[in-house]
Amino acid sequence: MTTAEMPQTAATTPAAENLLLDVRDLKMHFPVTSGILFQRAVAYIKAIDGVNFTVRRGETLGMVGESGCGKTTTGRCILRLYRPTDGQIWFNGVDIAQAKTGQMRAMRRQMQIIFQDPYSSLNPRMTAGNIIGEPLAVHGLVNNKREYRERVAELLNNVGLNPYMADRFPHEFSGGQRQRIGVARALSVDPDFIVCDEPVSALDVSIQAQIINLLEDLQERYDLTYLFIAHDLSVVRHISDRVAVMYLGKIVEIADRNAIYENPQHPYTRALLSAVPIPDPVLDAQRERIILSGEVPSPLNPPSGCVFHPRCPIATDDCTRVNPEAREVLPDHVAACINVPGYGPY
Amino acid sequence: MDPLLEVKNLQTYFFTYEGVVKAVDDVSYEVMPGETLGLVGESGCGKSVSALSLMRLIPDPPGKTVGGEVMFDGEDILQIDMDDMRRIRGAKMAMVFQEPMTSLNPVLTLDRQLTETIQLHMGKSRDEARKDAVDLLARVGIPDPERRIRQYPHQFSGGMRQRVMIAMALSCNPRLIIADEPTTALDVTIQAQILELMKSLTQDLGVALIIITHNLGVVARYADRVNVMYAGKIIERGSAFEIYTNPRHPYTVGLLDSVPRLDQRLMDDEGQAAKLVPIEGQPPDLVNLPQGCSFRARCRFAIDKCVTEAPPLMPVESNNSEEPHVSACWRSEILGVQALSYAMGTG
């Protein structure tokens, strides 16, 4: 199916033609149910609650935040592994938030995902070759067995594995090699856009660098656009062009990579950055430290006003009442905090 | 000052169907009273097994500590019988495990889990022990300890559970705490809270601390001295400052180069995005360790001698004469030049 057959038209999309992805007011609320036979929702977990961001063609948008902040849910909503509660996801000029399953399957030729855990995301009963080749068969990208084998061999080669490894099973590979299989599988349909959901956090430090370099090389070679989800701020800084910081289902700050790391505006971003240890005892001792008190509140019952205010070192009385929308506080620098200079009246 | 803990030539092997896994092979180090020692390495390098060997918690079979001495407070705790060991464990030497989710008993309240060791080792009554336990919980920063102590582990978050683990480790005033990846399962902001707590408590109470981690940043901030492990052996040791500013083992250099860092430059001199320098290849199979240096297959500096002879820990030139800096590399001198450029931010 081509995009022209889609129910939505490209006419309503934003003007900037180099936007690949435009997420508007995305919400994903998971029901908490009660009762056995007649289940009813007694509450909603607001995993993401009104998220706006764009991804330009060819760039890497890093998405950071602590566990439970909704970053993985955001990635999965974009791929429509979840059907979002509300909002729009414009991908390549098509709103896929409400697209039907069949349409979505066709769209997934353009968008793929690399999962966090290379141990549980590969089917242990399929060979590496079949894991990588399955999308080829599903999307009808090869005509015969020979083409299939050649394409699988090429993909293995591209991610730094040997083509003869196609007949091996996942347990015969190390963690880093498994993640390479996951990358090859994502690449098999020749996508434009890949959601990398914590692709290196399950790997050892010396192997992480190998995978990060591989992802960077592939991006250059195939013109890929990444949404790079991670909790490791150093890794995100290394790989991203722009960075979005999430907290409790909301984006609290989004800006160019250098702006986020050198001139963070939101108090949460500042605390997060200061909490990252640097492997240099001298430099580390000189840095300002902000130790946040308390923990991330439950998304089942988020705090009133700004969701960060119970832990915020600069919270004022207004923060308990005003729910700050994300606003441009500096050119191309969006933050959701009423106490940031440049936020303006609220 | 005499060391509190002296590990000499410790060897812990696992006897499996595939062969003998030399998880810890001839490891020696000391811990001074009150100091914080970092033990760094990747998964499978033997850092956790070496810690479990100190506590004599290696499952036997298949594991066995086949050689070496562990002198703790003047006695070799590898030789004493299990009853005596039980009197040391938890009382003089305590452990904080990686997974706060799985290391607390889910069917017992905190009250029972915390008071057990206090009653056992300190000979206190149930009521006294409960009072102590409440104090401990308050000390590790758990609000409303009187009420919280009656709750079950599932009612606590990950960070709170790790605080409980720390309270438990501190409960009998130990002389040494072994923290095995204490913050790996936690978020960055919680990680900072827990590490600060451990640092201040061990400092106040004069407890020695061994932090086992794969995170070089954590060690840089909190350890006085650092041991770097690779394939069951310590390959470099020195003060934290020395290890980070003057690394003299190619593996340590590789580890430092391969992690993206917040203080790192993002562009090189030509304006190209700086690339990470990974350590190519995989760690060796501990069943069939190659002859010679176990790192040589991944080493940029390997020479013929590395194939035939395993390098022992040898002293290297250091900026700090009080604290010896040792490295198990035949070519550590060449690395000195490299390290210089690294310290200047150009490496």
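## Packing environment of helix α6(A)

In this predicted model, the buried residues of α6(A) (residues 205–222) pack against α5, β7 (193–197) and α7 (233–239) of chain A together with α10 (250–258) of chain B. These buried positions are V205(A), S206(A), I207(A), Q208(A), A209(A), Q210(A), I211(A), I212(A) and L215(A); buried denotes 20 or more other C-beta atoms, placed from the backbone, within 10 Å of the residue's own.

Local features require pLDDT of at least 70 and side-chain atom pairs pLDDT 80 or more, whereas totals for chains, interfaces and linings use all residues. Residues are numbered from 1 along each chain as its sequence is written, and chains are lettered from A in the order in which they are written.

## Contact with α5(A)

Helix α5(A) (residues 175–187) packs on α6(A) at an angle of about 15°, the axes being 10 Å apart. That angle makes the two helices roughly parallel (under 35 degrees between N-to-C directions). On the α5(A) side, G175(A), G176(A), Q179(A), R180(A), V183(A) and L187(A) make the contact, and on the α6(A) side I207(A), Q210(A), I211(A), L214(A) and L218(A); contact requires C-beta atoms within 7 Å.

## Share in the chain interface

Chain A places 32 residues in contact with 36 residues of chain B. The elements giving two or more residues to this side of chain A are α6, α7, α9 (267–275) and α10 (281–286), and α6(A) supplies the largest share, 6 residues.

Technical notes:
Axes are lines fitted to C-alpha atoms, for helices over the stretch in contact, and angles run from 0 to 180 degrees between N-to-C directions. Helices (H or I, at least four residues) and strands (E, at least two) are DSSP runs, numbered from the N terminus. Angles under 35 degrees count as roughly parallel, over 145 as roughly antiparallel, 65 to 115 as roughly perpendicular and the rest as oblique. Two residues are in contact if their C-beta atoms, placed from the backbone, lie within 7 Å. A residue is buried if 20 or more other C-beta atoms lie within 10 Å of its own, exposed if 12 or fewer, and partly exposed in between; C-beta atoms are placed from the backbone.
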